[in-house]
Amino acid sequence: MEEKGYRVEILGAVSDGRKSFVLFNVLNHSDKEIIVRDFTLDYGGYETPSVGAMIANMSGSGQIPPGQSSYYAYSTNLLPTDPYTNKASIHITLSDTSDRALNSSSKKYLTSMDFSLELEPNMFEDNERAYYPDRTLKVDGQRINVRQLLFTPLNTYVDLEYDQANEKQIFKLLNPVLIGKSGEHTEKLYYPQSISKDDTKVTLVYKNSQLDQLDTTSFKTFGIAAVKKDEMNIVVDLKKKQIIDAPDERLRMLPSDQEAGAGTDAEVPHRSDL
């Protein structure tokens with residue numbers, strides 16, 4: 001597809017139902033340098049999460065001079081609870097790199113294109129290996145249920161569920177590690193991406209691995225970032241500019257250049273790392 005001298009070619013796409021990759025090429029037939037401004041994937045009626053989405057330029061610089069082209073790989077995490085179908089659409093936005101185009105809020109400097117394609121969410125189903133350990137970790141008295149380990153050609157996934165009866169709200173795990181062992185041989189996976197559907201269900205995304213082909217596979221974490229559920233509110237009197245209630249004394253109000261209007265108490269969420 002080509003608009004205003006900008007040509008975009010969708011070269012291919014793959015998905016395992018948990019993560020999708022799209023490879024595309026941008027050719028600049030205009031007389032100005034251009035860049036990719038935005039890229040979104042709508043999958044079976046669900047816009048894929050922006051958190052964790054990435055566009056990698058495979059050709060070096062993100063700027064495309066006149067007469068040149070550049071290859072890109074887009075990747076995004078998918079939510080396991082969303083019922084994706086094989087109907088997908090892509091929206092891509094480009095512009096030139098002039099200050100006027102980059103700094104303006106007007107859409108007249110943008111060029112957008114839409115593509116429709118079929119992208120089977122379970123195209124690697126025959127090569128997936130799923131395990132349901134139904135084990136529970138206890139960290140600082142909080143229960144973390146390990147629901148599923150899923151190994152696909154694209155990634156390794158760990159589905160967790162925080163027990164709703166926990167006294168504390170867990171915001172993240174500290175250095176979660178997936179470990180595989182066979183005799184004296186040990187392999188470890190670190191630094192996963194984390195995707196959350198809600199406050200209780202989390203999926204950790206590790207790189208592709210064969211850990212389940214070893215004798216044992218285990219999961220551990222070095223701690224949690226959490227706060228007691230009954231301490232998750234901060235109460236502020238906006239008129240008096242005073243903190244009425246907070247989890248600890250470290251929280252303080254700083255002067256503002258703007259005067260608050262006559263106010264009432266306000267409650268905002270609070271989080272704290274342990």
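Here are some short exercises, with worked solutions, on the predicted model shown above.

**Exercise 1. Work out which strands stand at the edges of the open sheet of 4 strands.**

*Solution.* Start with the order: the strands run 5-4-8-9, and the pairing is antiparallel. Next, look at the ends of that order. Strand 5 (46-47) and strand 9 (111-118) each have a single partner strand, so one side of each is left without a neighbour in the sheet. Those two are your edges.

Now zoom in on one pairing. Strand 4 (residues 34-43) and strand 8 (residues 87-96) run antiparallel to each other, with 9 bridges between them. For a spot to find on screen, try valine 36, which sits opposite leucine 94 of strand 8.

**Exercise 2. Find which residues touch the most other members of the largest nonpolar core, and which elements build that core.**

*Solution.* The core has 23 residues, and the ones touching the most other members are Val8, Phe24, Val26, Ile92 and Leu94. Then ask where the core comes from: strand 2 (6-15), strand 3 (19-28), strand 4, strand 7 (69-77), strand 8 and strand 9 each give two or more residues. Strand 4 has the largest share, with 5 residues.

Pick isoleucine 92 and check who surrounds it. Leaving out neighbours within four places in sequence, isoleucine 92 contacts Val8, Phe24, Val36, Asp38, Phe39, Thr111, Ser112, Met113 and Phe115. Don't stop there, though: apart from this core lies another one, of 20 residues, including Leu160, Leu178, Leu189 and Phe219.

**Exercise 3. Decide whether the rings of phenylalanine 24 and tyrosine 72 are stacked or edge-to-face.**

*Solution.* You need two things here: a pair of aromatic rings is described by the distance of the centres and the angle of the planes. The whole structure holds 7 aromatic pairs. In this one, the centres are 5.1 Å apart and the planes are at 10°, so the pair is stacked. The cut-off you're using is that planes under 30 degrees apart count as stacked.

Next, place the partners. Phenylalanine 24 is in strand 3 and tyrosine 72 in strand 7, 48 residues apart. Both of these residues are buried.

Compare with phenylalanine 39 and tyrosine 74. Their centres are 4.4 Å apart with 35° between the planes, and this pair is tilted. Phenylalanine 39 belongs to strand 4 and tyrosine 74 to strand 7, so the pair ties together parts 35 residues apart in sequence. Phenylalanine 39 and tyrosine 74 are buried too. Put it together, and ring pairs join Phe24, Phe39, Tyr72 and Tyr74 into a cluster.

**Exercise 4. Is threonine 203 buried or exposed, and which side chain does it join through a polar contact of 2.8 Å?**

*Solution.* First find threonine 203 in strand 18 (residues 201-207). Its relative accessible area is 5%, and buried means under 20%, so threonine 203 is buried. The polar contact links its side chain to that of aspartate 159.

Now list who else is around. Skipping residues up to four places away in sequence, threonine 203 touches Arg18, Pro80, Tyr157, Val158, Asp159, Gln193, Ser194 and Ile195. Two of those names meet again: arginine 18 lies over the face of tyrosine 157, at 5.4 Å from the ring centre.

**Exercise 5. Locate valine 236 and say whether it is buried or exposed.**

*Solution.* Look in strand 21 (residues 233-237) for valine 236. With a relative accessible area of 14%, valine 236 is buried. To finish, go from valine 236 to isoleucine 170: they are 66 residues apart along the chain, and their C-alpha atoms are separated by 24 Å.

Note on methods
Residues are numbered from 1 along each chain as its sequence is written. This is a predicted model: local features need pLDDT of at least 70, side-chain atom pairs count only at pLDDT 80 or more; totals for chains, interfaces and linings use all residues. Side-chain values use heavy atoms; hydrogens and water are left out. Two strands pair if DSSP finds at least two bridges between them. A nonpolar core is a set of buried Ala, Val, Leu, Ile, Met, Phe, Trp, Tyr and Cys residues joined through side-chain atoms within 4.5 Å. Buried means under 20% relative accessible area, exposed over 50%, partly exposed in between (1.4 Å probe, protein chains only). Contact means heavy atoms within 4.5 Å. Rings of Phe, Tyr and Trp (its six-membered ring) pair if their centres lie within 6.5 Å; planes under 30 degrees apart count as stacked, over 60 as edge-to-face and the rest as tilted. A charge sits over a ring if NZ of Lys or CZ of Arg is within 6 Å of the ring centre and within 35 degrees of the ring normal. A polar contact is a pair of N or O atoms within 3.5 Å; within protein, one must be able to donate a hydrogen and the other to accept it, and residues adjacent in sequence count only if both atoms are side-chain atoms.
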